[in-house]
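Biologist: Got a minute to go through this model with me? I'd like to start with the pockets.

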Amino acid sequence: FLFLPVAASLLLSLTDLDLYSVANPANVRIVGARNYVDLMHNPTFWLALKNTFYFALVGGPLTVATSLGAALLLNAKVVRFKTFFRTIYFLPFVTTLVAVAIVWRYLYHPQYGFLNYALGAVGIHPIDWLGDPKWAMPAIILLAVWKNFGYNMLIFIAGLQSVPEDLYEAAALDGAGAVRQFWHVTLPNLAPTFFFVGVVTMIGYFQLFAEPYVMTQGGPLKSTTSLVLFMYTEGFRWWRLGNAAAIAFVLFVIILAWTLVQLRLERRRA
């Protein structure tokens, strides 16, 4: 269920399998690394790669930071109705992404959207969130942060509750204020939690697909085309399945390399 499909996909990336080959397997030819070479000379691939890194390297840290901030607020002793707020913040994560994206398309509407209405109330001109190449990816990042921070928030809350209270008491006796306790007690003890949340979040964000597929179809001017969306277009719109499999393995190598770097950094920190 795992290795056989992966091996089959790797073999597929070395062929020129297309719609005609699906109709008649005898038309399949082994082309070796030609699909990978073609990708290196395809401007859309490099644009999709840049968009994917933009989304992951901006949206990932923002999601982690938002999750940590929400966890710190809900873990504070003075906060009431903690269970209620945890449920509210977690609801976006368990809501169907396609339905959420459709709703956010209306929120982003340049003329009737609530977001532009709120901006207009403070004197800011309307923004074409999904129609302007400069704003389309930030708009998708904002949706992704709102959609995903609730899951990481619960993990951070669990990590915060595992920090021994004695450490905070000792730090307070040594004269450490709230900020110094956060930097020297909370963050070091959350290192394993940060590692897990960071790895899982970045793996998910490198596989960006549903948000641009529903909201922008990769536009405008391909400014939101991700590697997975590009792979989908090659494989299921143009039926160039060999090219799509090659894109999938390039993405696999990128995610594997990024995860190994995070593992190396975590071991050095430990």
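**Pockets and packing**

Modeller: Sure. The second largest pocket comes out at about 290 Å³. A pocket here is an open set of points on a 1 Å grid over the protein atoms alone, where a 1.4 Å probe fits, with protein on both sides within 12 Å along at least five of seven lines. The volume is the space filled by probe spheres set on the points, which are joined across faces, edges and corners.

Biologist: Which residues are closest to the centre of that second largest pocket?

Modeller: Phe93, Asn148, Thr201, Gly204 and Tyr205, out of 16 that line the pocket; lining means having an atom within 4 Å of a point. H8, H11 and H12 (210-215) each give at least two residues to that lining.

Biologist: Before I go on, what are the ground rules for this model?

Modeller: It's predicted: local features need pLDDT of at least 70, side-chain atom pairs count only at pLDDT 80 or more, and totals for chains, interfaces and linings use all residues. Residues are numbered from 1 along each chain as its sequence is written, and side-chain values use heavy atoms, with hydrogens and water left out.

Biologist: And what's the mean pLDDT of the chain?

Modeller: It's 90, with 99% of residues at 70 or more; pLDDT is the predictor's confidence in each residue, from 0 to 100. Among the elements, H2 (residues 19-23) has the lowest mean, 69, and H4 the highest, 95.

Biologist: How many helices and strands are there?

Modeller: 14 helices and zero strands. Those are DSSP runs numbered from the N terminus, with H or I over at least four residues for helices and E over at least two for strands.

Biologist: Back to pockets. How much space lies in the largest one?

Modeller: About 380 Å³. The largest pocket has 13 lining residues, and nearest its centre are Asn75, Ala76, Glu165, Tyr168 and Thr186. H10 gives the largest share of that lining, four residues.

Biologist: New topic: at what angle do H11 and H14 pack?

Modeller: About 170 degrees, axes 10 Å apart, for H11 (residues 191-206) and H14 (residues 241-269). Axes are lines fitted to C-alpha atoms over the stretch in contact, and angles run from 0 to 180 degrees between N-to-C directions. So the two are roughly antiparallel, the word for angles over 145 degrees.

Biologist: Which residues of H11 and H14 meet?

Modeller: On H11, Phe195, Val199 and Met202 are among them, and on H14 they include Ile255, Trp258 and Leu263. Contact means heavy atoms within 4.5 Å.

How values were computed: Parallel < 35°, antiparallel > 145°, perpendicular 65-115°, else oblique.
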